[in-house]
Number of protein chains: 2
Amino acid sequence: MPNDDLGAVILKAVKQNRLEILNGDILVVAHKIVSKAEGRIVSLAGVKPSPKAIKMAKEHCKDARIMELILKESVQILRAKNGIVVSETKGGLVCANAGVDQSNVEGDAALLLPVDPDKSASRLLDAIKKKTGKEIAVVIMDTFGRPFREGQVNVAIGVAGMSPIRSYVGSRDMYGRKLRVSEIAVADEIASAAELVMGKSEGTPAAIMRGYRFEKMAKSSAKLLQRSRKQDLFR
Amino acid sequence: MPNDDLGAVILKAVKQNRLEILNGDILVVAHKIVSKAEGRIVSLAGVKPSPKAIKMAKEHCKDARIMELILKESVQILRAKNGIVVSETKGGLVCANAGVDQSNVEGDAALLLPVDPDKSASRLLDAIKKKTGKEIAVVIMDTFGRPFREGQVNVAIGVAGMSPIRSYVGSRDMYGRKLRVSEIAVADEIASAAELVMGKSEGTPAAIMRGYRFEKMAKSSAKLLQRSRKQDLFR
């Protein structure tokens with residue numbers, strides 16, 4: 001609920017499930033509970049769609065009020081076709097519907113992405129440390145589609161305490177050759193791994209990943225996973 | 001090595017590492033050892049680049065013989081820019097360099113993708129079943145870049161014994177609302193999770209994933225994860 005102390009709520013669930021948080025754990029959290037705790041719920045009754053939103057909603061079989069929220073959350077619409085709207089959000093993410101989401105939200109309302117998911121992750125990390133003394137990393141995730149491939153996968157939209165990328169730049173393979181694939185988006189892989197234990201309809205919005213030796217990073221950011229428009233071959 | 005019995009090699013490694021294969025396990029295998037066992041190694045000395053390959057290699061700072069292999073493995077070049085060539089392979093994958101790879105390959109040679117990674121996965125599944133009696137699933141993976149996001153992640157290019165997609169079509173969320181995100185590319189998430197325990201330079205080309213209740217599927221295919229050109233908003 002809005003204004004819930006998310007760290008306390010999660011630690012309570014950890015205890016109830018007879019789990020614990022250990023040093024080196026990665027706490028992976030669905031953005032949905034972060035957005036809810038941060039009050040990023042919008043009652044659709046109060047949304048007045050603009051003429052542009054009404055027009056686009058008709059073209060793409062969407063609720064005009066949802067379309068209005070998508071436009072407000074976006075800086076650029078990349079594609080709008082077959083009922084799918086892909087845009088770049090104010091936070092720099094490229095995803096469907098600017099992350100505006102009605103699933104697992106109560107009543108006639110929609111959920112927006114956290115304003116600053118890195119800051120949300122960082123706050124959660126600090127709260128867990130304060131309450132448990134444990135040094136962990138936090139990954140906040142959402143479920144994204146992607147070009148070329150069917151199905152969605154979970155990706156990291158907020159990161160604290162660890163580098164979201166494991167770089168092999170300068171390392172060599174078994175035969176001494178420089179590695180071609182040089183940077184792995186480990187935070188995205190962690191989000192994907194967590195999805196496998198969380199699912200979509202079981203009401204499990206957080207998971208603990210244990211045993212992965214992440215690279216510590218004090219001032220981390222999931223923005224390191226965002227390709228700039230200039231570098232992107234598909235924008 | 002070419003003509004190695006991959007199932008036997010993997011089971012030997014399983015034993016040497018004091019591991020075991022259990023019913024319901026997912027064996028995740030880097031495509032590299034599959035390609036090697038299937039003899040998909042090309043000595044570059046024997047590759048005669050075409051004029052087109054020579055021209056493109058110059059433009060994109062590549063070895064002309066590698067460029068020749070990329071063109072041969074591709075049905076369509078989607079982007080060629082900043083030294084990066086993204087194409088659709090004969091097998092329908094969209095990736096950099098048509099999967100032609102020199103890392104972890106000995107000598108002046110390059111490795112191609114398995115001709116039919118689903119068949120390779122299926123053969124491996126059958127071999128493991130024959131030797132151990134265990135019912136498992138097999139995922140063969142490669143490391144792909146993706147639009148919009150930095151860093152690469154592992155994805156499934158061959159699948160046997162399980163559905164690569166978990167569908168939520170028709171299911172409802174905590175509040176009874178139909179789920180917006182309806183199909184999760186679990187085989188890709190499994191590949192990404194496996195990457196985290198395998199890394200790129202440690203010489204660990206296979207992993208066992210245990211405890212994930214996959215949906216059994218007799219005639220599975222990683223092609224279910226390939227979006228058709230027509231459906232794709234970014235082709």
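**Exercise 1.** State what share of chain A is buried, then judge its overall dimensions.

*Solution.* The model is predicted. Of the 235 residues in chain A, 46% are buried. Buried here means 20 or more other C-beta atoms within 10 Å of the residue's own. Next, take the extent. The C-alpha trace spans about 55 × 50 × 30 Å along its principal axes. Now test the radius of gyration. A compact globule of 235 residues would have a value near 18 Å; chain A has 19 Å, so the two agree.

**Exercise 2.** Divide chain A into its domains and describe the contact between them.

*Solution.* Start with the bounds. The domain assignment gives domain 1 as 1–38 + 114–229 and domain 2 as 41–112. Their C-alpha centres lie 25 Å apart. The contact takes 10 residues from domain 1 and nine from domain 2. On the domain 1 side, helix H2 (31–37) and S7 of chain A each supply at least two residues. By class, that side has three nonpolar, three polar and four charged residues.

**Exercise 3.** Characterise the side of chain A that touches chain B.

*Solution.* Count first. In chain A, 51 residues are in contact with 51 residues of chain B. Then locate them. The elements of chain A giving two or more residues are strands S3 (74–81), S4 (84–89), S7 (137–146), S8 (149–162) and S10 (183–184), and helix H6 (186–198). H6(A) gives the largest share, eight residues. Finally, sort by class: this side of chain A has 23 nonpolar, 11 polar and 17 charged residues.

Conventions: Residues numbered from 1 in each chain as written. Chains lettered and ligands numbered in written order. Predicted model: local features only at pLDDT ≥ 70, side-chain atom pairs only at ≥ 80, totals over all residues. Contact = placed C-beta atoms within 7 Å. Helix = DSSP H or I, 4+ residues; strand = E, 2+ residues; numbered from the N terminus. Nonpolar A, V, L, I, M, F, W, Y, C, P; charged D, E, K, R; others polar. Rg over C-alpha atoms; globule rule 2.2 N^0.38 Å. Buried ≥ 20, exposed ≤ 12 C-beta atoms within 10 Å, placed from the backbone. Domains from an automatic or database assignment.
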